[in-house]
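Biologist: Got a minute to go through this model with me? I'd like to start with the ligand.

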Amino acid sequence: MKSQSSDQSILPGAVIGVLGGGQLGRMFALEARAMGYKIHVYSPEMDAPAGQIADIEVVGQYEDEEKLTHFVKGVAALTFEFENVSAVATSLAEKYVPVRPGGNVLHISQHRLREKTFLQSNGFPVTGFRSINSLAELEAAAAQLGIPAVLKTAGFGYDGKGQVKIKAISELPAAWKAMNGAESVYEAFVDFEKEVSVIAARNAKGDFAAYPVFENSHANHILDVTFCPAAIPSELAAEAVTITRGILERLEVVGLLTVEFFVTKSGKLLVNELAPRPHNSGHLTMDACVTSQFEQQLRAVCNLPLGDTSLLAPAAAMANLLGDVWAHGVPNWGAALEDPQVKLHLYGKAEPRAGRKMGHFNVAGHSIQEAVAKVSKARSLAAKL
Ligand code: AMP
């Protein structure tokens with residue numbers, strides 16, 4: 001297929017390719033099909049959450065250049081729902097079709113050290129950090145940045161995987177051992193007040209749109225509940241959006257990018273992490289915003305006008321459904337859905353393992369308290385607690 005010039009719109013009827021088969025690809029595929037696009041999904045697993053919704057599901061390894069080339073030649077644009085795709089794969093795809101966001105954005109966001117270095121050198125606020133390749137470097141970083149701290153593998157970590165919290169100097173050798181010799185990042189611990197995120201889109205024309213700020217709480221390093229708008233002063237929310245816009249523009253993102261922030265006890269924002277795709281914290285946009293984050297991804301990728309990001313209600317909340325909810329058998333969906341405001345989303349995963357994201361509940365409501373109470377209650381009822 002011929003490559004498209006960057007300002008050309010890709011119209012309904014076209015085929016959009018998705019790398020990755022998880023729930024983010026599934027929800028993107030549902031929105032894209034609703035708007036009349038065709039979806040081809042490429043992922044290493046058969047019957048993946050996104051593959052179930054796709055017009056065509058291709059099972060292949062991201063390293064299989066021949067298979068990937070064949071796949072890419074059959075789509076009008078390529079996006080992804082999983083960012084740990086090799087630079088080889090994205091540069092190969094870029095020869096044939098627009099890849100949105102581009103390989104440069106993936107290259108930075110899939111490696112903590114590159115990401116933190118990019119942010120710091122462009123004046124975006126981050127906690128102090130050092131690159132670590134030996135115990136001696138770890139000891140030096142602890143002396144310079146202090147303890148407590150978090151040691152993280154530089155590449156391929158998510159949901160708190162590949163991380164060790166360090167609370168005393170005596171823990172340094174064990175922390176370095178836990179990294180298994182992998183290049184790591186030492187981060188000064190942020191005694192944060194709360195965690196918030198901004199999801200924003202940019203199309204090839206340079207139009208920008210951000211959602212209201214989301215406030216996130218985690219359990220065991222996995223997102224648990226999100227509500228919107230975040231309970232932070234409006235100037236701080238505006239600043240979070242300004243920082244996000246700066247990052248999208250500096251990276252020339254075409255597509256969606258999520259910025260995760262810490263809000264410190266003194267009311268300052270620090271960027272924790274970037275994700276070049278829709279994000280778990282944006283799932284409530286599906287039922288509570290004019291345009292869902294997945295439709296927005298599609299609009300940005302296809303260079304269509306961006307959709308309205310406003311909330312349709314004063315507040316909204318989302319509660320994740322992990323495999324743990326299945327601990328006492330099939331969840332009691334009937335009880336959970338008794339409240340007619342509660343919306344259920346399930347990802348088509350057959351095996352409910354502990355900690356595995358299986359679905360979520362959304363509620364739009366009159367207040368943050370009401371929306372959070374409703375999603376939490378629905379989840380307890382589902383889990384037969
Ligand atoms: P990450 O994988 O970097 O998003 O980290 C997962 C979670 O660990 C974050 O959402 C925080 O709750 C916590 N965390 C990560 N880095 C730090 C840090 N430097 N200081 C305090 N908490 C952190």
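Modeller: Sure, we'll take the ligand and then a sheet. This is a predicted model, where local features need pLDDT of at least 70, side-chain atom pairs count only at pLDDT 80 or more, and totals for chains, interfaces and linings use all residues. Residues are numbered from 1 along each chain as its sequence is written, and side-chain values use heavy atoms, with hydrogens and water left out.

Biologist: How many residues surround the ligand?

Modeller: 17, counting a residue if one of its heavy atoms lies within 4 Å. The closest are Lys152, Gln163, Val190, Glu195 and Glu273.

Biologist: Which domains give residues to that shell?

Modeller: Domain 2 (128-188) and domain 3 (192-382) both do, so the ligand lies between them. Those bounds come from an automatic or database domain assignment.

Biologist: How far is a polar side-chain atom of Glu195 from a ligand oxygen?

Modeller: 2.6 Å. For Gln163, a side-chain N or O atom is 2.8 Å from an oxygen of the ligand, and for Glu273 the distance is 2.9 Å. A polar contact with the ligand here is a pair of N or O atoms within 3.5 Å.

Biologist: OK, new topic. What's the strand order in the open sheet?

Modeller: E3-E2-E1-E4, four strands with parallel pairing. Strands are DSSP runs of at least two residues, numbered from the N terminus, and two of them pair if DSSP finds at least two bridges between them.

Biologist: Which strands are at the edges?

Modeller: Strand E3 (56-59) and strand E4 (77-80), each pairing on one side only.

Biologist: And what stands opposite Tyr42?

Modeller: Val58 in E3. Four bridges join strand E2 (residues 38-43) to E3.

Key. A polar contact is a pair of N or O atoms within 3.5 Å; within protein, one must be able to donate a hydrogen and the other to accept it, and residues adjacent in sequence count only if both atoms are side-chain atoms.
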